[in-house]
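Here are my notes on this one, in the order I would go through them with the viewer open. Have a look at the chain first, then read on.

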Amino acid sequence: MNDFETFLTANSSALGIHQYGFLETSQLSFSEGVRSLCEMNACGHYNTTWVCPPGVGTYEECRDRIMKYSHVFVFSSKHDLEDSYDFDGMMAGKDRHNEICEAVLKQFRNFYPKDCLILAGEGCSRCAKCTYPDSPCRFPDQAYPSIESYGVEVNRVAATTGINYINGANTVTYFGCICFDKV
Ligand code: SF4
């Protein structure tokens, strides 16, 4: 077990992580079909920010960005809902998940200070109005693309990692990934 894994054993719950695991990036599953789901725009973020398709880059470019790293840290957060129609609860969970991703990344950098790539929840709400598509992203180091925008098949990756893709009735589960090179 390395230092980060030891840290997680003691602190993952306090960080808001529900489950986590490590894979080699070669174990990730990709599909261009995931990007097609983005185009259906169920989340409402398609073509609105630099972290969503098409602004995030092509499917091939995104996959190549991930594959230049050797490993990926995969984690989930679980959020309670009032019922399965609790849209406000889902949105609150997504916001909380993105806060968790920021906190996890901050800790991760203490152990792996080199370049890494974080993929988080849907869209980006860092700016009141995104600059997309008229001028470059204001905070490219703090704008985290969603996992799906990179064509990653989250359900299959969850299974490979041994993480629950869903966690039962009246909950919503979100995923995050940090791609990195093990030293
Ligand atoms: S940081 Fe601002 S400019 Fe960049 S993607 Fe997010 S909302 Fe858009």
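1. Start with His97: its relative accessibility is 0%, so it counts as buried. Keep in mind that this is a predicted model. His97 belongs to helix H4. Once neighbours within four places in sequence are set aside, the contacts of His97 are Phe75, Ser77, His79, Gly121, Tyr174, Phe175 and Gly176.

2. Now the helix around that histidine. H4 covers residues 87-111, which makes 25 residues. From first C-alpha to last, H4 reaches 36 Å, close to the 36 Å expected at 1.5 Å a residue. His97 has company on the buried list of H4: Gly89, Gly93, Lys94, Ile100, Cys101, Val104, Leu105 and Phe108 are there too. Note that a lysine, Lys94, is among these buried residues.

3. What lies over the buried residues of H4? The cover includes helix H1 (3-15) along with three strands, S2 (71-80), S3 (117-119) and S4 (171-180). The contacts of His97 can be read against those ranges: Phe75, for one, is a contact, and strand S2 runs over 71-80. Likewise, Tyr174 touches His97, and strand S4 runs over 171-180.

4. Next, Cys179, which sits in strand S4. Is Cys179 buried or exposed? Its relative accessibility is 0%, so Cys179 counts as buried. Beyond neighbours up to four places off in sequence, Cys179 is in contact with Ile66, Tyr69, His71, Val72, Cys116 and Leu117. There is also a C-alpha pair to look at here: Cys179 and Ile118 are 61 residues apart along the chain, with 6.3 Å between their C-alpha atoms.

5. Gly21 is the residue to check in strand S1 (residues 19-24). At 10% relative accessibility, with buried meaning under 20%, Gly21 is therefore counted as buried. The C-alpha of Gly21 is 5.4 Å from that of Val74, although 53 residues separate the two in sequence. Val74 is also on the contact list of Gly21, together with Val72, Phe73, Thr161 and Ile163, leaving out residues up to four places away. Val72 turns up twice in these notes, as a contact of Gly21 and as a contact of Cys179.

6. Two cis peptide bonds deserve a look if you plan to build on these coordinates. One runs from Pro53 to Pro54, with omega near -5°; Pro54 is in the loop between helix H2 (32-40) and helix H3 (59-67). The other runs from Tyr132 to Pro133, also with omega near -5°. Pro133 is placed in the loop between S3 and helix H5 (154-161).

7. On the backbone torsion side, which residues other than glycine have a positive phi? Asn41 is one, at about 60°, and Asn47 is another, near 60°. Asn41 is in the loop between H2 and H3, and Asn47 is in the loop between H2 and H3 as well. Asn41 is partly exposed, with a relative accessible area of 31%. Asn47, at 40% relative accessibility, also counts as partly exposed.

8. Stepping back to the whole chain: how many helices and strands are there? The chain has 5 helices and 4 strands, and their order from the N terminus is α-β-α-α-β-α-β-α-β. In contacts between residues at least 6 apart in sequence, 78% join residues at least 24 apart. The Gly21–Val74 pair, 53 residues apart, and the Cys179–Ile118 pair, 61 residues apart, are two separations to compare with that.

9. Last, the overall numbers. A compact globule of 183 residues would have a radius of gyration near 16 Å, and the chain, at 16 Å, agrees with this. The C-alpha trace spans about 45 × 40 × 30 Å along its principal axes. Of the 183 residues, 44% count as buried. The accessible surface is about 9,700 Å², with 49% of this belonging to carbon and sulfur atoms. As for charges, there are 15 positive and 23 negative, and their mean positions lie 5 Å apart.

Note on methods. Residues numbered from 1 in each chain as written. Predicted model: local features only at pLDDT ≥ 70, side-chain atom pairs only at ≥ 80, totals over all residues. Heavy atoms only, no water. Helix = DSSP H or I, 4+ residues; strand = E, 2+ residues; numbered from the N terminus. Rg over C-alpha atoms; globule rule 2.2 N^0.38 Å. Buried < 20%, exposed > 50% of the residue type's maximum accessible area, 1.4 Å probe, protein only. Contact = heavy atoms within 4.5 Å. Areas by Shrake-Rupley, 256 points an atom, 1.4 Å probe, with all protein chains shown as cover. Lys, Arg positive; Asp, Glu negative; His and termini not counted. Charge placed at Lys NZ, Arg CZ, Asp CG, Glu CD. Expected span 1.5 Å × (residues − 1).
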